[in-house]
Amino acid sequence: MQVPLIQLQCGVNSYEWGKVGKESAAAKYATATDANQFTIENEKPYAELWMGTHPSLPSKDVETRRSLLDLIQDNKALMSTEVSEKYGEKLPFLFKVLSIRKALSIQAHPNKKLAEELHRKDPKNYPDDNHKPEMTIAVTPFDGLCGFRPLKEITHFLATVPSLRELVGEGAAKEFEEAVSGRETSGSAEETQRNKKALQAIFSALMTKDKSAVLAAAKELVASAEKEGENFAGGGGPANGGKELADLVIRLNGQFEGDIGLFVLFYLNYVKLEVGEAMFLKADDIHAYLSGDIIECMASSDNVVRAGFTPKFQDIPTLTSMLTYSYAPISDQKMNPADYPYVTLNRTAYSSSSSAILYDPPIEEFSVVKTELNGEGAKATFEAIEGPSVVICTAGSGSISVGPKTQQVKAGHVFFVGATAECILESDSESFTTFKAFCELSGKESANGTS
């Protein structure tokens, strides 16, 4: 049987929001694999490197040029029988590198039931029937909009951003304020549900405004941001200062002039992630990525419901009806990675403060381990798991070994590691950084942490 270590040839997408030319990490990583025969065009935007079996951009074996999907369907042992049977002989996750120059659409990804319904009704805009919970890990400093703000912050902005209040309407604004007043942080299930209904009403009041009203209000909003600086939006809310929000409005207006998204940002948490910080987005959670390079892992789907910051198809009725309307500070969405317990570092790795950190979202399709090996000869030995893994190197160089097979690794190289295979990473540089996405349903690495 073939040693279950396969170097992958991975494709890169060119979307308008991607970083341009060699500024794009996604593009630079794509050029690392000789089999790609890919040349970066200096003026072209490169947005996403895809690693997986999704039919929109499937990965291939560098040696045989066969698709990874073909290989794992021919040999169920590569994923484990359990994972193959549960996920229809397809990799359960899609692993990506995103290089973001300008805002992606305001969007959410449907849950499984809604995905099936949308795909049946509109396969052109919803190309598959799967849900798409996703996790984002910052490779460079990142910013984005993620989840609804605490209700007190939204109330604050309705009171301090005149163009927002005028756009949603005085009646809708008052109705929201009265509905949540004194109950913004209530732990009662009944009051939380009432708050969510009120939030849905005030968000829908914004999203259903006609384009001419939005354009007129946006001119007022941008003028206020340019004039007021640190006093903008009543000096900001507890999470963001007035100057920070004013700069954000001006920046986003430069990308999408007069867009509804300029007002949506007062409803959503504005989050900044430093390198290594991460957040998890459940299905039906609203978000918009704004800038930075990230590692992204998600259930294997390409379904997106959009409603702003995009020239693509927008589906506002579906978006406003599907959202969870959960509201919380951004700290609730940031992940708390922990040391990964099923790896052994050699003395060189241990003494140089090398690390293997686990990002473990509350779903079974995927988890991710970030490994940093500091110094030549630093080595990490990963115990075998009952499921597939995909490994990408993002910095430095070294080697990857499975059984008798060893391959050299540099930034941008991607490998598939089959189930039940011990995997060894070894550095031959000052710092060797890799990310490993994996799925194991019932072993020691499963998402709930139980064996």
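1. In this predicted model, Ile400 stands opposite Gln407 of strand E22. The pair belongs to the contact between strand E21, residues 397-402, and E22, which run antiparallel and are joined by 6 bridges. Strands of a sheet pair through backbone hydrogen bonds, in either a parallel or an antiparallel sense.

2. E21 and E22 sit at one end of an open sheet of 5 strands, ordered E16-E19-E24-E21-E22 and paired antiparallel. Its edges are strand E16 (343-345) and strand E22 (405-410); each has a single partner strand, so one side of each has no neighbour in the sheet. On average, and with direction ignored, neighbouring strands of this sheet are turned by 20° against each other.

3. There is also an open sheet of 8 strands, again with antiparallel pairing, in the order E6-E1-E23-E20-E25-E18-E17-E15. Strand E6 (60-61) and strand E15 (338-339) are the edge strands here, each pairing on one side only. Within this sheet, strand E20 (residues 389-395) and strand E25 (residues 431-438) run antiparallel and are joined by 6 bridges. One point to check on the structure is Val391, whose bridge partner in E25 is Lys436.

4. Strand E17 can be followed residue by residue. How many of the residues of strand E17 (residues 355-359) are buried? The count is 5 of 5, and the strand is mostly covered. Ser355, Ile357 and Tyr359 point one way from E17, while Ala356 and Leu358 point the other way, and all are buried. In a regular strand the side chains alternate between the two faces of the sheet.

5. E17 has a partner on each side in the strand order. Towards the edge, 2 bridges join E15 to E17 in an antiparallel run, and Ala338 has Leu358 in E17 as its bridge partner. With strand E18 (residues 367-374), E17 is joined by 5 bridges, also antiparallel. In that pairing Ser355 stands opposite Glu372 in E18.

6. Strand E5 (48-51) can be read in the manner of E17. Glu48 and Trp50 point one way from E5, Leu49 and Met51 the other way, and all are buried. Strand E2 (residues 12-13) pairs with E5 in the antiparallel sense over 2 bridges, and Asn13 stands opposite Glu48. E5 also pairs with E7 in the antiparallel sense, over 4 bridges, and there Leu49 stands opposite Val97.

7. E5 and E7 lead on to the largest pocket. Strand E5 (48-51), strand E7 (93-100) and strand E13 (287-299) each supply at least two residues of its lining. Which strand gives the most to the lining of the largest pocket? That strand is E13, with 5 residues.

8. The volume of the largest pocket is about 520 Å³. It is lined by 31 residues, of which Tyr15, Trp17, Ser105, Arg306 and Lys312 are the closest to its centre. Sorted by class, the lining has 14 nonpolar, 6 polar and 11 charged residues.

9. Enclosed space should be considered separately from the pocket. The structure holds 2 cavities of 30 Å³ or more, and about 60 Å³ of space lies in the largest cavity. Among the residues that line the largest cavity are Phe382, Glu383, Ala384, Ile385, Val417 and Cys423. Ser389 and Lys436 belong to this lining too; Lys436 is the residue of E25 that bridges to Val391. By class, the lining of the largest cavity has 6 nonpolar, 3 polar and 2 charged residues.

10. Some figures describe the protein chain as a whole. Its secondary structure comes to 14 helices and 25 strands. Of the 451 residues, 58% are buried. Along the principal axes, the C-alpha trace spans about 70 × 40 × 40 Å.

11. What radius of gyration would a compact globule with 451 residues have? The expected value is near 22 Å, and the protein chain has 23 Å, which agrees.

Conventions
Residues are numbered from 1 along each chain as its sequence is written. This is a predicted model: local features need pLDDT of at least 70, side-chain atom pairs count only at pLDDT 80 or more; totals for chains, interfaces and linings use all residues. Side-chain values use heavy atoms; hydrogens and water are left out. On a 1 Å grid over the protein atoms alone, a cavity is a set of points where a 1.4 Å probe fits but cannot get out, and a pocket is an open set with protein on both sides within 12 Å along at least five of seven lines; lining residues have an atom within 4 Å of a point. Grid points are joined across faces, edges and corners, and a volume is the space filled by probe spheres set on the points. Ala, Val, Leu, Ile, Met, Phe, Trp, Tyr, Cys and Pro count as nonpolar, Asp, Glu, Lys and Arg as charged, and the others, Gly among them, as polar. Two strands pair if DSSP finds at least two bridges between them. Axes are lines fitted to C-alpha atoms, for helices over the stretch in contact, and angles run from 0 to 180 degrees between N-to-C directions. The radius of gyration is taken over C-alpha atoms; the globule rule is 2.2 Å times the number of residues to the power 0.38. Buried means under 20% relative accessible area, exposed over 50%, partly exposed in between (1.4 Å probe, protein chains only).
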